[in-house]
Amino acid sequence: MALRPGGEWSAALSHLALGVVSLHAAVRSAQASRGAAAGFLLQALAAAVTASGLGTHEDHRAGAWVATVIGLPLLAFDFHWCTNGHLMCAGCFIHLLADARLKEEQATCPNCRCEISKSLCCRNLAVEKAVSELPSECGFCLRQFPRSVLERHQKEECQDRVTQCKYKRIGCPWHGPFHELTVHEAACAHPAKTGSELMEILDEMDQGRRTEMQLYSSIFGLLSLEKIGYTEVQFRPYRTDDFITRLYYETPRFTVLSQTWVLKARVNDSERNPNLSCKRTLSFQLLLKSKVTAPLECSFLLLKGPYEDVRISPVIYHFVFTNESNETDYVPLPISDSVECNKLLAAKNINLRLFLFQIQK
């Protein structure tokens, strides 16, 4: 086996030391956050591969970059640091805060165990700027580009980026690398199809549009009703009195449409240990606290509040309230994924906007 030059041995030892430190951090942070532990573990593996001498020189350099900025795919380039200077990507930071809320604990840094919160931690703009200049691999052509230009390259410049035929609007299902687009479109059979053949294709495509348009038509119909009300609601976290406490949320009483209401919400339908689940959801129910003299038929929906960055899709729910049946079933809060759910759980309170429409016959 050929001996390595002194410089290579020095680099190998530094990567080996990085691997040991990262592995130690992964073990220490496993209980606090699986996401953070996985990031440290991958960082240790990348450093070990680089130190072992496997692969080409370019692979070694790429491995070093991976070891430095592991976890970035979660939420772009946002980095936060604790009061002792330990870095964590935005995805891990939000996940740690959400886990602490679910376990009724104070969130702590996985490295030094100091307290962390949105007020105690701040973004490290210097690291974010440095990371934006680090090379990253294009997912299509596998070439290396600075992260600051990678998104534009993948969307506009890469010849291997996935694209669709311009005749997709009349049913062409083709998609492939951009450099094959011209050849495909020249030979595409869809422009030569007869009117009756195209009508069958378009009918199938229109069915998917009808569902979406039905939602907007329903919203426009509700906006034409006489009695419409909305308010900002704030869900506050509480714990049940059971032997094994469970997290739930509840709003203070509020008045809309001359009636008093309360909203409740729960995580993962009140499963026993939602902090152990990678998939997280929120569901809510609307409760009428006033007494009514006649059935009160309402449609309602929850949307994000002002200045919130969570993504919530509009879904309309319908219920007839009476004195005997004054609360709805729990219905899903239509957030897109678990990342959006963690954003809500990480906050001290959940701020949303409720719309209520009274239906009069």
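pLDDT is the predictor's confidence in each residue, on a scale from 0 to 100. The structure shown here is a predicted model, and the mean pLDDT of its protein chain is 79. Of the residues in that chain, 76% reach a pLDDT of 70 or more. Among the elements of the chain, strand β14 (residues 317–321) has the highest mean pLDDT, 96, whereas helix α3 (residues 57–69) has the lowest, 37. Over residues 54–76 the pLDDT is below 50. That stretch nevertheless has 33 contacts in the model beyond near neighbours in sequence.

The overall composition may be taken next. The protein chain has 361 residues, and buried residues make up 37% of them. Its secondary structure comes to nine helices and 16 strands. Among contacts between residues at least 6 apart in sequence, 54% join residues at least 24 apart. The accessible surface of the chain comes to about 21300 Å², and carbon and sulfur atoms account for 56% of that surface.

Strand β8 (residues 227–239) offers a starting point for the strand pairing. Nine bridges join β8 to strand β16 (residues 350–358), and the two strands run antiparallel. Within this pairing, F235 has I350 in β16 as its bridge partner. β8 also pairs with strand β9 (residues 247–250), again in the antiparallel sense, over four bridges. Here the bridge partner of P237 is Y249 in β9.

Strand β9 also holds Y248. The relative accessible area of Y248 is 25%, and since buried means under 20% and exposed over 50%, this residue is partly exposed. Leaving aside residues up to four places away in sequence, Y248 touches R236, P237, Y238, R239, T240 and A265. The C-alpha atoms of Y248 and L102 are 9.5 Å apart in space, while the two residues are 146 apart in sequence.

Both β9 and β16 appear again in the surroundings of helix α9 (residues 338–346). Why is α9 described as largely enclosed by the rest of the structure? The description holds because seven of the nine residues of the helix are buried. The buried residues in α9 are S338, E340, C341, N342, L344, L345 and A346. What covers them includes β9 and β16, together with α4 (90–103), β11 (259–267) and β12 (282–288). At the start of α9, a side-chain oxygen of D337 reaches to within 3.1 Å of the backbone nitrogen of V339.

Two loops that adjoin β11 contain residues with a notable backbone angle. Most residues other than glycine have a negative phi. L257, which is not a glycine, has a positive phi near 55 degrees. This residue is found in the loop between β10 (254–256) and β11, and with a relative accessible area of 18% it is buried. N268 likewise is not a glycine and has a positive phi, of about 50 degrees. The place of N268 is in the loop between β11 and β12, and at 10% relative accessibility N268 counts as buried.

Another part of the chain includes strand β4 (residues 135–137), in which S136 is found. S136 is buried, because its relative accessible area is 13%. Not counting residues up to four places away in sequence, S136 touches R143, Q144, F145, R147 and L150. Helix α6 (residues 147–157) contains V149. At 27% relative accessibility, V149 counts as partly exposed. The C-alpha atoms of V149 and E133 are separated by 8.6 Å, and these residues lie 16 apart along the chain.

The cysteines remain to be considered. How many disulfides does the structure hold? The count is zero. C188 is in no disulfide, and the nearest cysteine sulfur, that of C172, is 3.8 Å away. A disulfide requires a pair of cysteine sulfur atoms within 2.5 Å, so the separation of 3.8 Å between the sulfur atoms of C188 and C172 does not qualify. C188 counts as buried at 11% relative accessibility. C92 is also buried, with a relative accessible area of 12%.

Conventions
Residues numbered from 1 in each chain as written. Predicted model: local features only at pLDDT ≥ 70, side-chain atom pairs only at ≥ 80, totals over all residues. Heavy atoms only, no water. Contact = heavy atoms within 4.5 Å. Buried < 20%, exposed > 50% of the residue type's maximum accessible area, 1.4 Å probe, protein only. Pairing = 2+ DSSP bridges. Areas by Shrake-Rupley, 256 points an atom, 1.4 Å probe, with all protein chains shown as cover. Polar contact = N/O pair within 3.5 Å; in protein donor to acceptor, adjacent residues only side chain to side chain.
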